[in-house]
Amino acid sequence: MPARAPFLRTALLAAALLTACGTTPEPAGPAAAPSSEAPAVSAVPAGTLGRPGSACALPVSFTLTEGWKPKKVTPPADPDFAELVEQGPATVVCEVVSEDTPDIGFLRVWTAPKGKARATLEAFVKADDGTKGLVLKDTTAGGLPVVEAHYTSHSELLDEERAERSLAVVTAKAVIVLELGGLDAEEDAVVAAYELAKSSLALT
């Protein structure tokens, strides 16, 4: 996939595939180093995503945070935008946006062919040009064995570094990647939404 600025790719994907939030992003401050510490605030649960009948039927389910809105991602018909739904071995199938909150963040669910979680996650992160400082660790999410990644990404558009994180879990037919990102991905409330999804992760 050609080189691109992560922020620009996020903006194009949101514009091409998703319902607009109605919020104008403002440049974020300098990024802090990735941290595995729990956020200082708690997320308020608001339903479950992934089960049949939810906005996105997925091989996994997890709890949504209040104010975060899910939407199924449909591959665009325009070939000029097709690459925006792909990153390395994975294709995005669902996005949850912090639509009714003060922060700008998202949780994206990606699906990749069946394989090893670590190899898939490493390929996924490294396919995003501008990422560095990748740290992978084996951990659990909702009792499931997962591999989690912490790394930073560089926005050429804003000329800044931002800490990001994602995880990969193996299911019966695919590897699922759950990615946290957005201009406010380091804010406690945004991290809390990711941690709630992570702690509630289950196979469907």
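Tutor: The accessible surface of the protein chain comes to about 9500 Å², and 55% of that surface belongs to carbon and sulfur atoms. Please keep in mind, as we go on, that what you have in front of you is a predicted model.

Student: How many helices and strands does the protein chain have?

Tutor: The secondary structure comes to 4 helices and 11 strands. Of the 204 residues in the protein chain, buried residues make up 45%. Among the contacts between residues at least 6 apart in sequence, 60% join residues at least 24 apart.

Student: How should I read a salt bridge, and how many salt bridges does a search of the whole structure find?

Tutor: The general idea is that side chains of opposite charge can pair when their charged atoms come close. In this structure, a search of the whole model finds 9 salt bridges. One of them is formed by the side chains of Lys137 and Glu148, with N and O 3.9 Å apart. This pair links distant parts of the chain, since Lys137 belongs to strand E7 (residues 131–141) and Glu148 to strand E8 (residues 144–155), 11 residues apart.

Student: Are these two residues buried or exposed, or something in between?

Tutor: Lys137 is partly exposed, with a relative accessible area of 31%, whereas Glu148 is buried, with a relative accessible area of 2%. The cut-off behind the second statement is that a residue counts as buried under 20% relative accessible area.

Student: Which other side chain meets Glu148 in a salt bridge?

Tutor: Lys198 does, with a distance of 2.9 Å from N to O. Lys198 lies in helix H4 (residues 188–199) while Glu148 lies in strand E8, so this pair ties together parts that are 50 residues apart in sequence. Both Lys198 and Glu148 are buried. Through salt bridges that share partners, Lys137, Glu148 and Lys198 are joined into one network.

Student: With which residue does Arg162 form a salt bridge?

Tutor: Arg162 forms a salt bridge with Glu160, and the closest N and O atoms of the pair are 3.6 Å apart. Arg162 is buried, and Glu160 is buried as well.

Student: Which residues form the negative surface patch?

Tutor: The negative patch on the surface is formed by Asp78, Asp80, Glu83 and Glu86. To take one member, Glu83 sits in the loop between helix H2 (79–82) and strand E4 (86–87). A patch residue needs over 30% relative accessible area, and Glu83, which is partly exposed, has 36%.

Student: How do I see that residues separated in sequence come together in space, and what does Val135 touch?

Tutor: It helps to set the separation along the chain beside the distance in space. Val135, in strand E7, is 15 residues from His150 in sequence, while their C-alpha atoms are 5.2 Å apart in space. Not counting residues up to four places away in sequence, Val135 touches Glu148, Ala149 and His150, and Glu148 is the residue that also meets Lys137 in a salt bridge.

Student: Where is Thr65 found, and which residues does Thr65 touch?

Tutor: Thr65 is found in strand E2 (residues 60–65), and at 10% relative accessibility Thr65 counts as buried. Leaving aside residues up to four places away in sequence, Thr65 touches Ala43, Val44, Ala46, Ala193 and Leu196. The C-alpha atoms of Thr65 and Gly47 are separated by 7.7 Å, with the two residues 18 apart along the chain.

Technical notes:
Residues numbered from 1 in each chain as written. Predicted model: local features only at pLDDT ≥ 70, side-chain atom pairs only at ≥ 80, totals over all residues. Heavy atoms only, no water. Patch = residues over 30% accessible without salt bridge, like charges linked within 9 Å, V, L, I, M, F, W, Y side chains within 5 Å. Areas by Shrake-Rupley, 256 points an atom, 1.4 Å probe, with all protein chains shown as cover. Salt bridge = Lys/Arg side-chain N within 4 Å of Asp/Glu carboxyl O. Lys, Arg positive; Asp, Glu negative; His and termini not counted. Charge placed at Lys NZ, Arg CZ, Asp CG, Glu CD. Helix = DSSP H or I, 4+ residues; strand = E, 2+ residues; numbered from the N terminus. Buried < 20%, exposed > 50% of the residue type's maximum accessible area, 1.4 Å probe, protein only. Contact = heavy atoms within 4.5 Å.
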